[in-house]
Amino acid sequence: MPDVIACPDPACGAPARIVDRWTFGSTSGPVEHVKTGCERGHWFTPTVDSLGLRPAAVPARGAPVTERPALVPAP
């Protein structure tokens, strides 16, 4: 995944890559999480909401998944 963001550690500021994404169900609906790793070795698994990114579009039930949409900065 080529998604690059700032490291979630506020004291770091190094570029970080989103290396994995998944969604957990909750009583308030699905919550998308990401795994990030920065150039300085920090690893985090924050929610997409905490990073200020919009969640990836979820395909309609039964629709074929051809590729994962990228996370994009919220407007």
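A residue counts as buried when its relative accessible area is under 20%, as exposed when that area is over 50%, and as partly exposed in between. Keep that scale in mind as we walk through this predicted model. Cys12 makes a good start: its relative accessibility is 11%, so Cys12 counts as buried. Across the protein, buried residues make up 25% of the 75 residues.

Let us turn to the overall fold. The protein has 0 helices and 6 strands, so its elements, read from the N terminus, run β-β-β-β-β-β. Among contacts between residues at least 6 apart in sequence, 27% join residues at least 24 apart.

Now for the sheet. Strands of a sheet pair through backbone hydrogen bonds, in either a parallel or an antiparallel way. Here, 4 strands make an open sheet in the order 1-2-3-4, and the pairing is antiparallel. Which strands stand at the edges? They are strand 1, residues 4-6, and strand 4, residues 43-44; each has a single partner strand, so one side of each is left without a neighbour in the sheet.

Following the sheet from strand 1, you will find 3 bridges to strand 2, which covers residues 15-24 and runs antiparallel to strand 1. One place to look is Val4, whose bridge partner in strand 2 is Arg17. The next step across the sheet takes us from strand 2 to strand 3, an antiparallel pair joined by 8 bridges. Thr23, for instance, has Glu32 in strand 3 as its bridge partner. Strands 2 and 3 also form a hairpin, with 6 residues between them. In the turn, Gly29 has a positive phi of about 110 degrees.

Strand 3 spans residues 31-38, and His33 is found there. Is His33 buried or exposed? Its relative accessible area is 15%, which is under the 20% limit, so His33 is buried. A polar atom of the His33 side chain lies 3.2 Å from the backbone oxygen of Val31. Leaving aside residues up to four places away in sequence, His33 touches Asp20, Arg21, Trp22, Phe24, Thr45, Pro46, Thr47 and Val48.

Two of those contacts, Trp22 and Phe24, are worth a closer look. The structure holds 1 aromatic pair. It is formed by the rings of Trp22 and Phe24, whose centres are 6.1 Å apart; their planes stand at 70 degrees, so the pair is edge-to-face. How accessible are these partners? Trp22 counts as partly exposed at 24% relative accessibility, and Phe24 is partly exposed too, with a relative accessible area of 46%. Another ring to visit is that of Trp43, where Lys35 lies over the face at 5.2 Å from the ring centre.

Finally, back to the cysteines. How many disulfides does a search of the whole structure find? The search finds 0. Cys7 is in no disulfide, and its nearest cysteine sulfur, that of Cys38, is 3.8 Å away. Cys12 is in no disulfide either, and for Cys12 the nearest cysteine sulfur is again that of Cys38, at 3.8 Å. A disulfide needs the two sulfur atoms within 2.5 Å, so neither of these distances qualifies. Like Cys12, Cys7 counts as buried, with a relative accessibility of 7%.

Key
Residues numbered from 1 in each chain as written. Predicted model: local features only at pLDDT ≥ 70, side-chain atom pairs only at ≥ 80, totals over all residues. Heavy atoms only, no water. Buried < 20%, exposed > 50% of the residue type's maximum accessible area, 1.4 Å probe, protein only. Phe/Tyr/Trp six-rings, centres within 6.5 Å; stacked < 30°, edge-to-face > 60°. Lys NZ or Arg CZ within 6 Å of the ring centre and 35° of its normal. Pairing = 2+ DSSP bridges. Helix = DSSP H or I, 4+ residues; strand = E, 2+ residues; numbered from the N terminus. Polar contact = N/O pair within 3.5 Å; in protein donor to acceptor, adjacent residues only side chain to side chain. Contact = heavy atoms within 4.5 Å.
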